[in-house]
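Hello,

Here is the structure I promised to pass on. Please open it first, then read my notes beside it.

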Amino acid sequence: MGHPNRRDLGLLVLRVGTGAVLAAHGTQKLLGWFGGGGIEGTTKAMEAMGFNPGRESAIAAGLGEAGGGVLLALGLATPAAGAAAAGAMAGAVSVHAPSGFFAMSGGYEYPAFLGFTAAAIGITGAGRYSLDHATGHVLDRPWVVVTAFLGTAIAAAAVVGRRAAQQASPEPEPAPESA
């Protein structure tokens, strides 16, 4: 394996730390761990935030965070993991954006940081101390990077755009009751 190299050790620390934070956040959504709402609570929250359908949005956000986080921590399928986590964070940024940048005001600082970090790891690669390296990078090829990030960008733009359009359109008036 040769002597340790600081770049690879740094990527390991960054991957494990970022992946653990994302995985914990995602398991709140999916499983109700760490005081989270689980699927039912997250479904209601997603609907209240304007993401429809709520259940599918809750599952997608939870899997993007938890699944992407676990894969980032392991350094497995790193481009897809980074893209999935970044896509989930794009949705979170859209929710927090009206409150400005800083987290102390409810802004998007924290999800943006997690999203950019996950994306950077996905683009850079997991480094030598990873399952991608151990498997000969079969899930970390240049075409995987392009496909994963392009697919995630299209999906995130569609979801965030649909939410914005729904929030911009006025609520329909209830139909009058006929006698």
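**What I found**

Let's start with one ring. Phe34 has a relative accessibility of 61%, so Phe34 counts as exposed. The cut-off for that word is over 50%. Keep in mind that this is a predicted model.

**The whole chain**

How many helices and strands does the protein chain have? There are 7 helices and 0 strands. From the N terminus on, the elements read α-α-α-α-α-α-α. Along the principal axes, the C-alpha atoms fill a box of roughly 85 × 35 × 30 Å. The chain has 179 residues, and buried residues make up 36% of them. Take the contacts with a separation of 6 or more. Residues 24 or more positions apart account for 68% of those.

**Aromatic rings**

Back to the rings. The count comes to 3 aromatic pairs. One of them joins Trp33 and Phe34 edge-to-face, at 6.3 Å centre to centre and with 85° between the planes. Is Trp33 buried, partly exposed or exposed? Its relative accessibility is 48%, so Trp33 counts as partly exposed. Partly exposed means the range between 20% and 50%.

Phe101 and Phe102 also form an edge-to-face pair. Their centres are 5.0 Å apart, and the angle between the planes is 80°. Phe101 is partly exposed, because its relative accessible area is 39%. Ring pairs also bring in Tyr108: Phe101, Phe102 and Tyr108 are linked into a cluster.

**Two helices that pack**

Now find helix α3, residues 54–74, and helix α4, residues 78–96. They pack at an angle of about 145°, and their axes are 8 Å apart. The crossing of α3 past α4 is left-handed. Which residues of α3 make the contact? They are Ala61, Gly64, Glu65, Gly68, Leu71 and Leu72. From α4 come Thr78, Ala81, Gly82, Ala84, Ala85, Ala88 and Met89. Sorted by type, the residues of this contact are 8 nonpolar, 4 polar and 1 charged.

Look closer at Gly82, which sits in helix α4. Gly82 counts as buried, because its relative accessibility is 0%. Leave out residues up to four places away in sequence. Gly82 then touches Leu72, Ala118, Ala119, Gly122 and Phe149. For scale, Gly82 and Ala66 are 16 residues apart along the chain, and their C-alpha atoms are separated by 12 Å.

**Salt bridges**

How many salt bridges does the structure hold? It holds 4.

Among them is the bridge between the side chains of Arg128 and Asp8, at 3.2 Å from N to O. Arg128 lies in the loop between α5 (109–124) and α6 (131–134), while Asp8 lies in helix α1 (residues 6–31), so this pair ties together parts 120 residues apart in sequence. Asp8 is buried, because its relative accessible area is 5%. The cut-off for buried is under 20%. Arg7 joins in too: Arg7, Asp8 and Arg128 are linked in a network of salt bridges.

Another bridge joins the side chains of Glu65 and Lys29, at 3.1 Å from N to O. Glu65 is in helix α3 and Lys29 is in helix α1, so the pair ties together parts that are 36 residues apart in sequence. Are Glu65 and Lys29 buried or exposed? Both Glu65 and Lys29 are buried. Glu65 should look familiar, as one of the α3 residues in the contact with α4.

A further bridge links the side chains of Arg55 and Glu40, at 2.9 Å from N to O. Arg55 belongs to helix α3 and Glu40 to helix α2 (residues 38–48), which puts them 15 residues apart. Arg55 is partly exposed, because its relative accessible area is 39%.

**One last residue**

Where does Ser130 lie? Ser130 is in the loop between α5 and α6. That is also the loop that holds Arg128. Ser130 has a relative accessible area of 9%, so Ser130 is buried. Again leave out residues up to four places away in sequence. Ser130 then touches Arg15, Leu74 and Gly75.

Best wishes

Key. Residues numbered from 1 in each chain as written. Predicted model: local features only at pLDDT ≥ 70, side-chain atom pairs only at ≥ 80, totals over all residues. Heavy atoms only, no water. Phe/Tyr/Trp six-rings, centres within 6.5 Å; stacked < 30°, edge-to-face > 60°. Buried < 20%, exposed > 50% of the residue type's maximum accessible area, 1.4 Å probe, protein only. Axes fitted to C-alpha atoms, helices over the stretch in contact; angles between N-to-C directions. Helix = DSSP H or I, 4+ residues; strand = E, 2+ residues; numbered from the N terminus. Left-handed = near helix turned anticlockwise from the far one by under 90°. Contact = heavy atoms within 4.5 Å. Nonpolar A, V, L, I, M, F, W, Y, C, P; charged D, E, K, R; others polar.
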